[in-house]
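Ready to work through a protein with a few hands-on exercises? Have the picture open, try each task yourself, then check the solution below it.

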Amino acid sequence: MTDAVQYLERDGLQDLIQGLQKAGYHCVGPQIRDGAIVYDSISHVDQLPRGYSDHQSPGQYRLQQDDNPRCFAWANGPQAIKPYVFAAEETLWRSLRDTAGELQFTEHVVDVGPLAIIGVRACDLAALYLQDKHFLHAEPRDPGYLARRQQLLLVAVNCTHPAATCFCASTGDGPRATYGYDIVLSELDAGYLIEGRSQQGLTLLAGLPTRPATQGQLEQGDEESHQAVAHQTRRLPGHNLKQALFANLNHARWEEVAKRCLSCGNCTAVCPTCFCHAEQDRPALDGTSSDHVRQWDSCFTQGHSYIHGFTLRANTAQRYRQWLTHKLGSWHDQYGRSGCVGCGRCISWCPVGIDLTEEAAAICGDGEP
Ligand code: SF4
Ligand code: SF4
């Protein structure tokens, strides 16, 4: 935090939401749905999960409420910001048979308005950077992703209450947001430290009832960030596991983890960096048209490695190995870094509590490579 850091009273967050709306943004923010914190449309601060905290452990996620005045005293829920840029399902193109019997193809153009996401955590900003690399940094760029990404404004909130499943400090991706946002907040008991980064963020900030943060408030924000690091007990054994993983492709652990793994794909569905997808055609019953649709897929499904009449990864051990060696290993070749940002979602939302950090340590050893 720097001299540019301002202080916003708790009620002032409503001014931020209204400022965003006035600037044409549809706002989404964290709210409770079905016992979990997810992003949804928001127009008032009262919709935020005030007083809620979470307990997460392998295979477990529980919310609890007390008289805590804070609205962001929890770690990430199951939903990342991925669905707002990489849609879980979307039509890519449509074919139509014209009156002469010829097929005509039309691209489906994604037309979305400005969207502001409030409450984004550092790990999800790092994940978005990786998704950008996948969808935008080489031709052809993904037009649907690009259309949504260009409309995005991100209000980050520094994480002060990591879950027991979080390990972003060990991947270097959190808990404090350092890039990729327009505005960043640090929540204190009575208000927020607030800082703009992009021009849009600075413009919005100028319209808020802020005052310069005091030295004490800045120190409290720093202290809470340090505490958030100190509270993380899980870690990945080193930043580049590629060599260790590929040297252990026949490790007995792959078969051991496969005895527990249900091949359900929950881990890939909640992972903010996974981008695998499947495509299918949906013809109209009268044969006049057909939609070509893209859906999220997972390296844990049988169909994902089906090629020319043959399933390459026929069993769960092969699929778990694919997930881990790609995510933690060959991503370094593709995108220059690991595909894991330490959000811990795959640990909490695995129905049998398989822990990626534990599996990586069992296969690669627990030290720095
Ligand atoms: S692999 Fe797990 S911990 Fe890493 S980014 Fe994906 S969901 Fe988060
Ligand atoms: S590791 Fe867990 S979440 Fe992932 S496929 Fe296996 S059982 Fe499902």
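**Exercise 1. Find how many residues of domain 1 are in contact with residues of domain 2, and say which elements supply the domain 1 side.**

Step 1: count the contacts. 37 residues of domain 1 are in contact with 31 residues of domain 2; being in contact means that the C-beta atoms of two residues, placed from the backbone, lie within 7 Å.

Step 2: pick out the elements. On the side of domain 1 that touches domain 2, those giving two or more residues are β5 (60–65), β6 (89–97), α2 (122–136) and α4 (168–171). Helices (H or I, at least four residues) and strands (E, at least two) are DSSP runs, numbered from the N terminus.

Step 3: rank them. The largest share of that side, nine residues, comes from β6.

Step 4: sort by class. That side of domain 1 has 17 nonpolar, 12 polar and eight charged residues. Here Ala, Val, Leu, Ile, Met, Phe, Trp, Tyr, Cys and Pro count as nonpolar, Asp, Glu, Lys and Arg as charged, and the others, Gly among them, as polar.

Step 5: locate the domains. Domain 1 covers 6–230 and domain 2 covers 242–364, with bounds from an automatic or database domain assignment. Their C-alpha centres lie 25 Å apart.

A word on the ground rules: this is a predicted model, where local features need pLDDT of at least 70 and side-chain atom pairs count only at pLDDT 80 or more, while totals for chains, interfaces and linings use all residues. Residues are numbered from 1 along each chain as its sequence is written, and chains are lettered from A and ligands numbered from 1 in the order in which they are written.

**Exercise 2. Work out the strand order of the sheet that holds β6, and name its edges.**

Step 1: line up the strands. This open sheet has four strands in the order β7-β6-β14-β13, with antiparallel pairing; two strands pair if DSSP finds at least two bridges between them.

Step 2: find the edges. β7 (103–107) and β13 (277–283) each have a single partner strand, so one side of each is left without a neighbour in the sheet.

Step 3: check the turn. On average, neighbouring strands here are turned by 20° against each other, direction ignored.

Step 4: zoom in on one pair. β6 and β14 (residues 289–296) run antiparallel and are joined by seven bridges. For Glu-89, the bridge partner in β14 is Gln-295.

**Exercise 3. Trace the eight-stranded sheet.**

Step 1: write the order. The open sheet runs β3-β2-β8-β9-β10-β11-β1-β12, with mixed pairing. Its edge strands, β3 (36–41) and β12 (210–212), each pair on one side only.

Step 2: compare pairings. β2 and β3 pair in the antiparallel sense over six bridges, whereas β2 (residues 26–33) and β8 (residues 115–120) run parallel with three bridges. Val-28 has Ser-41 as its bridge partner in β3, and Cys-27 has Ala-116 in β8.

Step 3: look at the hairpin. Two residues lie between β2 and β3, and Asp-34 takes a positive phi near 50° there.

Step 4: add the helix. α5 (residues 199–206) lies across β1 (6–9), β9, β10, β11 (191–196) and β12, running at about 135° to β11. Axes are lines fitted to C-alpha atoms, for helices over the stretch in contact, and angles run from 0 to 180 degrees between N-to-C directions.

**Exercise 4. Spot the unusual backbone geometry.**

Step 1: recall the rule. Most residues other than glycine have a negative phi, and most peptide bonds are trans.

Step 2: look for cis bonds. The bond from Glu-139 to Pro-140 is cis, with omega near 0°, and Pro-140 lies in the loop between α2 and α3 (143–149). Gly-174 and Pro-175 are also joined by a cis peptide bond, with omega about 5°; Pro-175 is in the loop between α4 and β10.

Step 3: look for positive phi. Ser-263 has a phi near 55° and sits in the loop between α8 (252–260) and α9 (266–270).

**Exercise 5. What classes of residue surround ligand 1 and ligand 2?**

Step 1: take ligand 1. Of the 13 residues around ligand 1, Cys-271, Cys-340, Cys-343, Arg-345 and Cys-346 come nearest; a residue is near a molecule or strand if its C-beta atom, placed from the backbone, lies within 6 Å of it. The shell has eight nonpolar, three polar and two charged residues.

Step 2: take ligand 2. Ser-263 is among the residues around ligand 2, including also Cys-261, Cys-264, Cys-267 and Cys-350. This shell has nine nonpolar, three polar and no charged residues.
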